[in-house]
Amino acid sequence: MNALDTVLYTGKTHTSGGREGRSRSDDGQLDIALSPPGSGRPGTNPEQLFAAGWSACFEGAIKIAARQLRIAVPKELAIDAEIDLGTIGDGYQLQARLDVSLPGLAPEQAQALVDQAHRTCPYSKATRGNIDVQIRLV
């Protein structure tokens with residue numbers, strides 16, 4: 001693994017209590033209760049946070065790809081992300097689906113943007129080869 005040439009940003013949080021606790025960022029912009037998936041208790045869970053982070057990052061990667069490929073991104077660009085928590089053997093594992101909506105673009109243009117974004121998005125890079133990922137145009 002190579003170290004970064006330049007650190008552009010460091011997100012810092014303090015979490016206590018695990019899936020039944022609380023996470024706070026050092027700048028105060030994030031302050032959330034955590035709760036186990038399906039518990040019905042107030043708060044979110046790591047899978048939802050991961051889905052939100054990846055979809056936001058992936059949308060940014062699409063916009064960068066669009067500038068590079070000189071393709072206008074539709075204002076209605078949207079990504080629905082799903083992160084599954086499950087078991088494999090006797091351990092836990094994640095899998096993911098990203099449904100990307102690029103209305104009004106020709107299918108080949110939309111696919112080119114998604115392919116480029118998946119190559120460059122840091123979340124995609126981090127998960128590549130580690131979990132099952134499906135990225136679909138919808």
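This passage describes the domains, sheets, helices and largest pocket of a predicted model.

In the model, the chain is divided into two parts, with domain 1 covering residues 1-44 and domain 2 covering residues 46-137. The C-alpha centres of domain 1 and domain 2 lie 21 Å apart, and the contact between the two domains involves 5 residues of domain 1 and 5 residues of domain 2.

Within the residue range of domain 1, 3 strands form an open sheet in the order 1-2-3, and the pairing in this sheet is antiparallel. The edges are taken by strand 1 (13-16) and strand 3 (31-33), each of which has a single partner strand, so that one side of each is left without a neighbour in the sheet. From one strand to the next, the twist of this sheet averages 10°. Strand 1 is joined to strand 2 by 4 bridges, the two strands running antiparallel, and strand 2 (residues 22-25) is joined in turn to strand 3 by 3 bridges, again with an antiparallel course. Arg24 of strand 2 takes part in both pairings, since it stands opposite His14 on one side and opposite Asp31 of strand 3 on the other. The connection between strand 1 and strand 2 is a hairpin with 5 residues between the strands, and Gly17, which lies in the turn, has a positive phi of about 90°.

A further sheet lies in the residue range of domain 2, where 3 strands are arranged in the order 4-5-6 to form an open sheet of mixed pairing. Here the edge strands are strand 4 (78-88) and strand 6 (132-137), each of which pairs on one side only. The twist of this sheet averages 15° from one strand to the next. Strand 4 and strand 5 pair in the antiparallel sense over 11 bridges, and Leu85 has Leu94 in strand 5 as its bridge partner. These two strands form a hairpin with 2 residues between them, and Gly89 in the turn has a positive phi of about 65°. Strand 5 (residues 91-101) pairs with strand 6 in the parallel sense, over 6 bridges, and in this pairing the bridge partner of Ala96 is Val133 in strand 6.

Two helices accompany the sheet formed by strands 4, 5 and 6. Helix 1 (residues 46-69) lies across strand 4, strand 5 and strand 6, and runs at about 140° to strand 4. Helix 2 (residues 107-120) also packs on the sheet, where it touches strand 5 and strand 6, and its direction makes about 150° with that of strand 6.

The largest pocket of the model has a volume of about 220 Å³. Its lining consists of Leu8, Tyr9, Pro122 and Tyr123, so that, when the residues are grouped by class with Leu, Tyr and Pro counted as nonpolar, the lining comprises 4 nonpolar residues, no polar residues and no charged residues. With respect to the domain bounds, Leu8 and Tyr9 fall in the range of domain 1, whereas Pro122 and Tyr123 fall in the range of domain 2.

Technical notes:
Residues numbered from 1 in each chain as written. Predicted model: local features only at pLDDT ≥ 70, side-chain atom pairs only at ≥ 80, totals over all residues. Heavy atoms only, no water. Pairing = 2+ DSSP bridges. Axes fitted to C-alpha atoms, helices over the stretch in contact; angles between N-to-C directions. Contact = heavy atoms within 4.5 Å. 1 Å grid on protein atoms, 1.4 Å probe; cavity = no way out; pocket = protein on both sides within 12 Å on 5 of 7 lines; lining within 4 Å. Points joined across faces, edges and corners; volume = space filled by probe spheres on them. Domains from an automatic or database assignment.
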